[in-house]
Amino acid sequence: MKSDWIKTRQTKYAAYLTIYVIVIGAVLVVANFLANRYNKSFDATHNKRYSLSDQTKKIIGDAKGDVNIEYFDRPSGMQAGKDLLDRYSNISPKVHVQFVDILKKPQLARAANITHEGTAVVEIGAKHEEAKTFDEEGITGAMIRAIKGGARTVCVVSGSGEHRLEDSDKEGLSGFQTAFQKDNYAGKSINLLQQAEIPSECTVLVVAGPTGDYIQPAVDAIKKYVENGGRAMFLLDPPLKMGRNEIADNEALLNLLSSWGVTIDKDLVLDENPVAQLVGLGPEVPLVTTYESHQIVSDLAGTATGFPIARSLQVKNGDKTTVSKLFSTTANSFGTTNLSSPEVRIDPEKDKHGPFVLAAAGTYNTGKPNNQGRFVVVGNSRWLANSFLRFNGNRNLALNMLNWLSSDEDLISIRPKEEEDRRITLNPRQFLWVKLVSQFFLPGIVILGGVMVWWRRR
């Protein structure tokens, strides 16, 4: 009788075990099926370093046909290529990635003119573009070149004390040039004092912080260029009158912008934004965190931009122009007209109260179909220089302005993120504490716990 009971129990246990194994097996099969079909991951890094940017997703989503990416490398480098390119293929079924082993298939590498290991080639339609660097900026940049094609040139005016395109010092624009080259723009400096004419190859004209007055023929050339459908960006600083570095009033240029509906005030904006104070910025650097609904700034919500030593604007529509605000200072800002004092001082009794418009964008109706002039005006130029371009959203704002001016609105988005240096820097005292805790305190707790367990079991 007892043996029958034992057999019955064993049969039940065997049945339970069989059901358990079947259930676990089914769960594993379904999990593997879903994992193969839906490749999902979670990026826990602070700046989402391992997630593709909105711009990349937008470009792939807007692509008319398939996007083919070929990656050429040795077997030892394939995993690094897979880690990045799998993120692209996971965005859309339109993205197809092929990994080519250059040792097994050298003829494919030669046919694609591959000279370096770890190279990616993007194919969209009949266009082939090699990624200049193997990272998101390089691959997405190759997609942009394949989609857009053609030459686009940013012409930066020189000769009147402007920030220079080639300069790599803190006041130069070399960082800006590096950034727009990744969006498939070429850069060129032009001197309107030598020849008062805008070259036909200029896609966008940039006037970046002149310290001297523009002669009337140069202003007339800019007027003709924009009113015939050209695109221009004007970055104009307050006319400070201090020491040797005085900034001219540039009346002729300001009169031109006024005729288009943008009046530039002769003031210095000081903003006592409490958020700016938290990040260490003084009132002479207005911090912007809210934006209007214009295409240039619509994707910058929640992103801060800073404008050191800025002036205010007033905007209105003209007979042939439509002008829109882009962003303004906070209500805690003041505008001082004392431009000769080296001391930053706010006088609430005399200074005009904000908020103040800092940037505007406008269109000019040329009367010709598909030939609209466009212009952007910012009451500051240093935000674009090397010393401040990397501040939070400044780089994205600059490229968004460039994309809108050149009618590349589909490129306006948040760009691929640059790597952050998040290393912890410790002073000698902090380093000593970390050393004591990690080498003595934590191991001591483990040893003490072991001794106590041993003592209780004696």
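A residue counts as buried when its relative accessible area is under 20%. Keep that cut-off in mind as we walk through this predicted model, beginning with one threonine.

**A threonine in helix H2**

Thr-56 sits in helix H2, which covers residues 54-62. Is Thr-56 buried or exposed? Its relative accessibility is 0%, so Thr-56 counts as buried. Which residues does Thr-56 touch once its neighbours within four places in sequence are set aside? They are Tyr-88, Ile-91, Glu-136 and Thr-140. Two of these names lead straight to helices of the next section: Tyr-88 and Ile-91 fall within the residues of helix H3 (78-91), while Glu-136 and Thr-140 fall within those of helix H5 (136-148).

**The four-stranded sheet**

An open sheet of 4 strands runs in the order E2-E1-E3-E4, and its pairing is mixed. At its edges are strand E2 (95-101) and strand E4 (127-130), each of which pairs on one side only. On average, neighbouring strands of this sheet are turned by 20° against each other, with direction ignored.

In the middle of the order, strand E1 (residues 67-73) pairs with strand E3 (residues 119-124) in the antiparallel sense, over 6 bridges. Within this part of the sheet, Phe-72 stands opposite Thr-119 in E3.

Two helices pack on the sheet, and the table sets them side by side.

| Helix | Residues | Strands touched | Angle between directions |
|---|---|---|---|
| H3 | 78-91 | E1 and E2 | about 170° with E2 |
| H5 | 136-148 | E1, E3 and E4 | about 30° with E3 |

Strand E1 thus appears in both rows, being touched by H3 and also by H5.

**A cavity elsewhere in the chain**

How many cavities of 30 Å³ or more does a search of the whole structure find? The search gives 3. The second largest cavity has a volume of about 50 Å³. Its lining is made up of Pro-210, Leu-236, Asp-237, Ile-247, Ala-248, Asp-249, Asn-250, Leu-254 and Arg-311. Sorted by class, that lining holds 5 nonpolar residues, 1 polar residue and 3 charged residues.

**The chain as a whole**

Stepping back, the protein chain contains 12 helices and 18 strands. Of its 458 residues, 43% count as buried, and Thr-56 is one of the buried residues. Among contacts in the protein chain with a separation of 6 or more, 72% come from residues 24 or more positions apart.

Terms used. Residues numbered from 1 in each chain as written. Predicted model: local features only at pLDDT ≥ 70, side-chain atom pairs only at ≥ 80, totals over all residues. Heavy atoms only, no water. Pairing = 2+ DSSP bridges. Helix = DSSP H or I, 4+ residues; strand = E, 2+ residues; numbered from the N terminus. Axes fitted to C-alpha atoms, helices over the stretch in contact; angles between N-to-C directions. Contact = heavy atoms within 4.5 Å. 1 Å grid on protein atoms, 1.4 Å probe; cavity = no way out; pocket = protein on both sides within 12 Å on 5 of 7 lines; lining within 4 Å. Points joined across faces, edges and corners; volume = space filled by probe spheres on them. Nonpolar A, V, L, I, M, F, W, Y, C, P; charged D, E, K, R; others polar. Buried < 20%, exposed > 50% of the residue type's maximum accessible area, 1.4 Å probe, protein only.
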